[in-house]
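Q: Could you take a close look at one part of this protein for me, namely its aromatic cluster? I would like to know what holds that part together and what sits beside it.

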Amino acid sequence: MNFSDIFKKDFIASYTSENISVPHIAAVLFITAVIACYIFVVYRLITKKTFYSKNFNISLAAIAVITAGIILAVQSSIVISLGMVGALSIVRFRTAIKEPMDLCFLFWSIAVGIVLAAGLIPLAVFGSVIIGVMLLVFVNRKSSCDPYIVVLQCDGQDSEARAADFLKEQTRRCTVKSKTVQKGSVELNMEVRLKDDSTAFINELSGLPGVRSAVLVSYNGDYMG
């Protein structure tokens, strides 16, 4: 037996299922399931109700457990690890990620499964707590500096000018985004930055002479809602 045979024998022997006990597997999967539930709750709390996807949230929790199981299987046998690489190389995921935040949660879920299966339990636990707190603080933080869209319908140019002057006085910044003119009607979409959290000025704006309606909509640059 030469050095090459000894090296191959030791390498393959080190990847046997005997190295991973059943209690270890059960503990890893249980802790992964607990953190997956934590990810589920955090995603539900920070996601806007209009864009919340329950199926995607359930998938996040399942992905963490599935990833942990895959990494445990890869650790148990070199043959399984090679087969897993070949199997995953032919898989194509074509589900579109609509929000950047969804991508963040997806990577978080996969990372939890990998780190826990690798035996780094403190890293997974403390890391998940810190990530969850950061997301809850920054995503749910509201500011008067956030942009809003004011949709105005006026009778004509005079009422349009009065409404524009009023908005410039009541807001920190006011910019015309679009303007639609029809016979006897003018529609304006204006981006505004509020001075404070109060939106009472919209009530006064709708009561100006010649203003048919005034609508205030929150706006983040991609969608309105």
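A: Happy to. Two rings of Phe, Tyr or Trp (its six-membered ring) count as a pair here if their centres lie within 6.5 Å. The model is a predicted one, and in it ring pairs link Tyr 38, Tyr 43, Phe 56, Phe 105 and Trp 108 into a cluster. By this rule there are 4 aromatic pairs.

Let's start with the pair of Tyr 43 and Phe 56. Their ring centres are 5.6 Å apart with an angle of 50° between the planes, and the pair is tilted. Tyr 43 belongs to helix H2 and Phe 56 to helix H3, so this pair ties together parts that are 13 residues apart in sequence. Both Tyr 43 and Phe 56 are buried.

Tyr 43 also pairs with Phe 105, and this pair is edge-to-face: 5.0 Å from centre to centre, with 85° between the planes. Here the link is between distant parts of the chain, since Tyr 43 is in helix H2 while Phe 105 is in helix H5 (residues 100-117), 62 residues apart. Planes over 60 degrees apart count as edge-to-face and those from 30 up to that as tilted, which is why the pair at 85° is called edge-to-face and the pair at 50° is called tilted.

How well covered are these two partners? Tyr 43 has a relative accessible area of 1%, and because buried means under 20%, it counts as buried. Phe 105 is buried too, with a relative accessible area of 0%.

Now for what sits beside the cluster. The backbone oxygen of Tyr 43 is 2.4 Å from a polar atom of the Thr 47 side chain. Thr 47 itself is found in the loop between helix H2 (22-46) and helix H3 (54-76). With a relative accessibility of 15%, Thr 47 also counts as buried. Tyr 43 thus has a ring partner in Phe 56, another in Phe 105, and a backbone oxygen facing a polar atom of Thr 47 at 2.4 Å.

To place this part in the whole: the protein has 8 helices and 4 strands, and along the sequence they follow the pattern α-α-α-α-α-α-β-α-β-β-α-β. Of its 225 residues, 29% count as buried. Among contacts between residues at least 6 apart in sequence, 71% join residues at least 24 apart. The protein exposes about 14400 Å², and carbon and sulfur atoms supply 63% of that area.

Conventions: Residues numbered from 1 in each chain as written. Predicted model: local features only at pLDDT ≥ 70, side-chain atom pairs only at ≥ 80, totals over all residues. Heavy atoms only, no water. Helix = DSSP H or I, 4+ residues; strand = E, 2+ residues; numbered from the N terminus. Buried < 20%, exposed > 50% of the residue type's maximum accessible area, 1.4 Å probe, protein only. Polar contact = N/O pair within 3.5 Å; in protein donor to acceptor, adjacent residues only side chain to side chain. Contact = heavy atoms within 4.5 Å. Areas by Shrake-Rupley, 256 points an atom, 1.4 Å probe, with all protein chains shown as cover.
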